[in-house]
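Visitor: Please choose one part of this structure and look at it closely. I would then like to follow its surroundings outward into the rest of the chain.

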Amino acid sequence: MKPAQEEYPFLFVNHGAPDASEVGRREEVFLWFRAPVSAADRARITAAVPTPLQRLWHWDREFCYFGSDGDSYEFAILLDYTPEPVRAALRAADPARDPKAWYRTFRRATARFDEALAAFSDDLDRWLLGVHAIAPIALFWGPGGTPDDDPWHRWSVEVFTDVMGERLARHAPTPEGERHLGWIRDRCAPLLTAPSDDDPRTVAALDEACRRGRPRQYVPRLSYDEGEVLRHGERIAGFLGDGPDWSARLERLAPLTQLTFLASYDVDHARLAQTYPSLPERLRALVAGLAPDEQRSALPLLVMLSQTLTRDTPAFDRRHRRAGELAAQVLRVGFDQPGCRGATFARASRYLRWARRLKEARSLAEEGLFRYGERRSLVRAALKAARAMGDEKAARKYEARLTALTPAS
């Protein structure tokens, strides 16, 4: 059973003293209130915040975002919460005048870091209870590195959707608060999409997260944008679970969310092939179901799916060339989508060549040349297909065309 809400005054995710090994140089946190906070109350709240988290303040109507001053978070905890007299010695030490003495003092302080963290955690609790008396708190998202088994944290996670689901969904930020609200929603998304949760709010949260984080152009591998898609895919996989009803659960999600999952690394492609014997047809249906402002996401996600099918990414040691034909069919679904270009046809041609569908590979490169004109990537794709076919006459013609093109073409 979930603990009664009266047991704790507000949600406190990440309650408790952080583990010293997990404390970094920066930290960002946020408070969400039960109602808008007046300017006078905001001033009272910010005036007393513990010093390691006294910077970066941004207020919106119902939330505030704040955190450490640059890279000083860890040192601020040492400087202000290490037990006396070590704290006084650290404050008095002068690294410019006597760097060796300062370093010895610093080492003595770091040896007491666990005590400093415990004192900081207690001070944070006291401050938050004072804040709650000024403006009732719905949620505080605290510093990272805290214990997962802390009772207040565990209760907060269990009731998170009930308390915060509607608040996060309905809040309309001020123009300058939009970026911070996106950051807050991303932090909260894993708690709104718990595995095996049949609450409709879970579906809504997954759909909203994928819509906010949707790619609008080609996604480079090992990039932040790739990480966003993969994080969403992991959350969707948790919702789907391993049961036999996974495909029915998948189809409860919006078309964009389904495409995001299919583009991720969390797909069991053998199980996918059993469920959707004609994957391209399924993809066409999903693309057709996208909202007009989601259309630009279709091709980037299809490219990611084709790369994953062939293991044509840095995440894999060996490519799966036999999947090339299916990967090319996946890309064909995107040929009429916004953002399609010659490089997309060249990629599909390469995948067909991997599958030893050489005539089709050359034909597809020619199709791209007809559509986009002379492009180095397309002429090179046709050349490689011609060479693989043993057609030296055609290969020489493509070589001549490639030589005639300038690098900027």
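Guide: Contact, or touching, here means heavy atoms within 4.5 Å. The model is predicted, and local features need pLDDT of at least 70, side-chain atom pairs count only at pLDDT 80 or more, and totals for chains, interfaces and linings use all residues. Residues are numbered from 1 along each chain as its sequence is written, and side-chain values use heavy atoms, with hydrogens and water left out.

The part chosen is the loop between helix 15 (298-310) and helix 16 (324-333), where Thr313 lies; helices (H or I, at least four residues) and strands (E, at least two) are DSSP runs, numbered from the N terminus. Leaving aside residues up to four places away in sequence, Thr313 touches Arg221, Tyr265, Gln307 and Thr308. Thr313 has a relative accessible area of 7% and is therefore buried, a word that means under 20% relative accessible area, with exposed meaning over 50% and partly exposed in between (1.4 Å probe, protein chains only).

Arg311 is found in the loop between helix 15 and helix 16 as well. At 41% relative accessibility, Arg311 counts as partly exposed. Its backbone deserves attention: phi is positive, about 55 degrees, although Arg311 is not a glycine. Most residues other than glycine have a negative phi, and most peptide bonds are trans.

After the loop comes helix 16, in which Gly324, Ala327, Ala328, Val330, Leu331 and Val333 are buried. Their cover includes helix 14 (279-288), helix 15 and helix 17 (342-354). Between helix 17 and helix 18 (358-372) lies a loop that holds Arg356. Arg356, too, has a positive phi without being a glycine, with a value near 65 degrees; at 56% relative accessibility, it counts as exposed.

A further helix pair may be described next. Helix 10 (residues 224-240) packs against helix 12 (residues 255-262) at an angle of about 105 degrees, and their axes are 8 Å apart. The axes are lines fitted to C-alpha atoms, for helices over the stretch in contact, and angles run from 0 to 180 degrees between N-to-C directions. The angle makes helix 10 roughly perpendicular to helix 12, given that 65 to 115 degrees counts as roughly perpendicular, under 35 as roughly parallel, over 145 as roughly antiparallel and the rest as oblique. Helix 10 contributes Val229, His232, Gly233, Ile236, Ala237 and Leu240 to the contact, and helix 12 contributes Thr257, Thr260 and Phe261. These residues divide into 5 nonpolar, 4 polar and no charged; Ala, Val, Leu, Ile, Met, Phe, Trp, Tyr, Cys and Pro count as nonpolar, Asp, Glu, Lys and Arg as charged, and the others, Gly among them, as polar.

The view now widens to the nonpolar cores. Such a core is a set of buried Ala, Val, Leu, Ile, Met, Phe, Trp, Tyr and Cys residues joined through side-chain atoms within 4.5 Å. The largest has 54 residues, and Leu31, Phe33 and Phe160 have the most contacts inside it. Helix 5 (residues 113-134) gives the most to this core, namely 8 residues. Another core, of 34 residues, lies apart from it and includes Val203, Phe261, Leu283 and Leu302.

Leu31 leads to the sheet, since it stands opposite Phe140 in strand 5. The open sheet consists of 5 strands in the order 1-5-2-4-3, with mixed pairing; two strands pair if DSSP finds at least two bridges between them. Strand 1 and strand 3 (55-59) are the edge strands, each pairing on one side only. From one strand to the next, the twist averages 10 degrees. Helix 5 packs on this sheet, touching strand 1, strand 2, strand 3, strand 4 and strand 5, and its direction makes about 155 degrees with that of strand 5.

Within the sheet, strand 5 (residues 137-141) has 5 of its 5 residues buried, so it is largely enclosed by the rest of the structure. Strand 1 (residues 11-13) runs parallel to strand 5, joined by 3 bridges, whereas strand 2 (residues 28-33) runs antiparallel to strand 5, joined by 4 bridges.
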